[in-house]
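I sat down with this model to see how its parts fit together. Here are my notes, in the order I looked things up.

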There are 2 protein chains.
Amino acid sequence: MSKGITSRKEDYSQWYNELVSKADLAEHSAVRGCMVIKPYGYAIWEKMQAALDKKFKDTGHSNAYFPLFIPKSFFTKEASHVEGFAKECAVVTHYRLKDDGTGNIVVDEDAKLEEELIVRPTSETIIWNTYRGWIESYRDLPILVNQWANVVRWEMRTRLFLRTAEFLWQEGHTAHATAEEAIAETEQMLDVYADFAENWMAVPVVKGKKTETERFAGALDTYCIEALMQDGKALQAGTSHFLGQNFAKAFDVKFTSKEGKQEYVWATSWGVSTRLMGALIMAHSDDAGLVLPPKLAPIQVVIVPIYKTDEERAEIVELVDQVVAECKQKDITVKFDDRDSYRPGFKFAEWELKGVPLRITIGARDLKNGLVELARRDNQSKESVSKEGLSQRIEILLDEIQHAIYEKALKFRTDNITLVNSYDEFKEVLEGKGGFISAHWDGTAETEKRIKEETKATIRCIPLDNKLEEGQCILTGKPSTQRVLFARAY
Amino acid sequence: MSKGITSRKEDYSQWYNELVSKADLAEHSAVRGCMVIKPYGYAIWEKMQAALDKKFKDTGHSNAYFPLFIPKSFFTKEASHVEGFAKECAVVTHYRLKDDGTGNIVVDEDAKLEEELIVRPTSETIIWNTYRGWIESYRDLPILVNQWANVVRWEMRTRLFLRTAEFLWQEGHTAHATAEEAIAETEQMLDVYADFAENWMAVPVVKGKKTETERFAGALDTYCIEALMQDGKALQAGTSHFLGQNFAKAFDVKFTSKEGKQEYVWATSWGVSTRLMGALIMAHSDDAGLVLPPKLAPIQVVIVPIYKTDEERAEIVELVDQVVAECKQKDITVKFDDRDSYRPGFKFAEWELKGVPLRITIGARDLKNGLVELARRDNQSKESVSKEGLSQRIEILLDEIQHAIYEKALKFRTDNITLVNSYDEFKEVLEGKGGFISAHWDGTAETEKRIKEETKATIRCIPLDNKLEEGQCILTGKPSTQRVLFARAY
């Protein structure tokens, strides 16, 4: 295996592409914009899914499944929604192929659909059409449902995990009797996402609200978590929307309240996607390859043996069997790399590239003295430790690594939030180190748009924990009551 | 809740439809042929997925994800494959909608795809096109990959779970260096499916091979498990295909063997789908509703309290808390139905309809004597037991129920395999009790076809454990060496 990945400094974008490919995470498929998620990459996604799914269930949600296809007429019922998605949707128009008589397989024009079907880019419309049948009275509320599914948005410029025509995600869709309850749900799910990002992915995030311009098509309010990548660009890692009564009105979903009145139902939706894989990769990895937080690593510990004789090998295997058994008790995943067709140096490089958090080298010579070597992936540090109590040491180290990766990313994020008070300063930081820029803004869509056009920076969010302070918009000089976070973003 | 479902005797098909709807398992969506799987139904499917996924991983497989769309040209590369699926596939032809200027949203003809995309009905073609890039030498083999996904087959006559235009499934796709290894994999996965059907779903199955006519489009051999429903119709519950080198040849996937020769790769594929939900429902349920085997029941035990005073309630809750905690230790899912807006009788009927295996009624009066009532869903038997050691009794009973449900289904299946030696007898049994009919067949597709046309019965399989015996084809009288299983089927 030749590592040979471009360094981040040289070309960050190229580094990312090569890393995704060489670490066996994903690849482009023969279908434009669609990716193949390879087993190693998918194993990470499965760990993400399992952790998130547990959080959803712990907060009272159930999973369900709704159709892949959405009739065009549904799609157009909520005006801003269709405007947001119409330009990038895959359309099914026929339901059969046929042989044209010369052996060519062509679309059968006799099998044209009466109404075109849209491959779901998101499922609010089909789900709210369904909820109409589920909701009669306040007793049927709340509905707390989540769906794990594939969705399609016909992106023209795609990048593996970050922006693909088809991607995997979960979308929660809840229905409530009051606006307050729906807003509380929206905020709760934002907290769930932030907790997952920070405590599982080890990626610190800013919780905030989107400006009107950046809201989800059909939402009254879009909450988001925003992460910072090593190249100083921001990445929206998850969103939670308060949809008001927009979809209930579009699909005529009413309920009888406790007071006996007919009212429209209040809605939320919230989602994270395989995009999180991109965030995970870009937040922590280095020029030698992936760096995975132990909680999401498919392989948490790899053991590489070094020996010459069969006797030496037998001694090593004896220790390995014991360590693997002890680790299994602790739910730690250990791989014993006993391939004899590869040298240790090759194996070191391979597992480094694949981001295994902890490597144990068991050399026959050291073992005679009761010692083995532990090497951390995150900071490359090594220690020689006694074989006694090895699994305890592993457990402690994995925990330390999880925290260290988070702390490192947090320090980077903290170092890269810059307060600026003028447009010149703003542009200087943006062209320099990038990162989040905290600046005053006059609150208008016009200013937001002009800044975006001139600098490619967008308002990532209005942080939820913002302090109010008087100031002047960096572009227009108009009065402002709080700073917002700008950045160039993925 | 009014149960009011049609009895099986009255109209089996109607009974099924009502049961699926009233037990909150699934419903028809607004999209022709596509279903909505409701939370309670999906919870059962999730339990199936978890059990199957563990079995796949225990046999060395990893999950991955491949594109939803397949270019038309791929689809047509394996001749029998396209013939099998071309007539029922959803075709994407455009990637954008637009406003036509009058406010109508229409397909944008400027956004026509150069090549149509087929929504996958199964993924052999896109996967084997991908495997070409993954395989160079024998060292890259075997590839043991599974995918959980949605697929679309444009069925004209649909029924919830049993036959829907979109369904959920898993599809395993493996690549091997030799035919022997691929056949061993095909057989191994059939055993995995049979084990799951019998030990989790409590549905006995016959393992067998399909006749040439009934094979998967592109397979050299299709293995299957066949189950028997209560109305005497068979249901194919899972298939495992030996694909030979068909897809390797169609997509030019070769490897360098140990001997240094270039050879085509050997393939298998295998799948089960949400159809299993239909099998589960139809195999065990009765006129009062669902009967679920404990291993797949989302709620394994429901507790219904009966009390008048707050003091009585408090005593019950104390016991419930203890039982729930003890059951959690044993991984038993208990629901305490403490809704005070419904009477006990209503709750009994509801949980009966939803197939909860065990109901505990805790009445304040009995509790004074230290007693509670246990009611089994499967055979309606009740017992009054001491509150001491309740969780131990629950554990034993759930195990007994799991076995009892299987034994009942096995007895039904055994009673409904009929050996016949003439075509008259064959038709008589078919019109009578139905079930599997074991009969001699001359081995030709013509005979198979004629029997199907005349009786609607198909050859479900040639059982793997078949004894060879001389006989005469029931239709043509030609010599035959073994019996095969006929049935009308779902």
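**Helix crossing in chain A**

I began with α1(A) and α8(A), whose crossing is right-handed (for a crossing, left-handed means that the near helix is turned anticlockwise from the far one by less than a right angle, right-handed that it is turned clockwise). The model is predicted, so I kept its rules at hand: local features need pLDDT of at least 70, side-chain atom pairs count only at pLDDT 80 or more, and totals for chains, interfaces and linings use all residues. Residues are numbered from 1 along each chain as its sequence is written, chains are lettered from A and ligands numbered from 1 in the order in which they are written, and side-chain values use heavy atoms, with hydrogens and water left out.

The axes of α1(A), residues 12-22, and α8(A), residues 275-284, come within 11 Å and cross at roughly 115 degrees. Axes here are lines fitted to C-alpha atoms, for helices over the stretch in contact, and angles run from 0 to 180 degrees between N-to-C directions. Helices (H or I, at least four residues) and strands (E, at least two) are DSSP runs, numbered from the N terminus.

Which residues meet there? From α1(A) I found Tyr12(A), Trp15(A), Tyr16(A), Leu19(A) and Val20(A), and from α8(A) Gly278(A), Ile281(A) and Met282(A); contact means heavy atoms within 4.5 Å. The residues of this contact divide into seven nonpolar, one polar and no charged (Ala, Val, Leu, Ile, Met, Phe, Trp, Tyr, Cys and Pro count as nonpolar, Asp, Glu, Lys and Arg as charged, and the others, Gly among them, as polar).

**Two copies**

Next I compared the chains. A rotation of 180 degrees with 0.0 Å of shift along its axis puts chain A on chain B, with an RMSD of 0.0 Å; the fit is by least squares on C-alpha atoms of residues with pLDDT of at least 70 in both. The two copies are therefore related as by a two-fold rotation axis. In chain A, Val92(A) has the C-alpha nearest the axis, 2.1 Å from it. Both copies use the same surface, since 98% of the contact residues of chain A recur in chain B.

**Buried parts of chain B**

I then turned to α10(B), residues 344-353, where seven of the ten residues are buried, so the helix is largely enclosed by the rest of the structure. Buried means under 20% relative accessible area, exposed over 50%, partly exposed in between (1.4 Å probe, protein chains only). The buried set includes two glutamates, Glu350(B) and Glu352(B), as well as Lys347(B). It packs against α1, β17 (301-306) and β18 (334-336) of chain B. Just after α10(B), Gly355(B) has a positive phi of about 75 degrees.

Helix α1(B) has its own buried residues, among them Trp15(B) and Glu18(B), and these pack against β1 (26-28), α8 and α10 of chain B. Asp24(B), just after α1(B), takes a positive phi of about 60 degrees.

**Two single residues**

Is Tyr423(A) buried or exposed? At 11% relative accessibility, Tyr423(A) counts as buried. It sits in α13(A), residues 423-431, and touches Arg450(A) and Leu475(A), among others.

Glu212(B) lies in the loop between β11 (206-209) and β12 (221-228) of chain B, and counts as exposed at 63% relative accessibility. Thr444(B) is 232 residues from Glu212(B) in sequence, yet their C-alpha atoms are 9.2 Å apart.

Conventions: Lists of a residue's contacts leave out its neighbours within four places in sequence.
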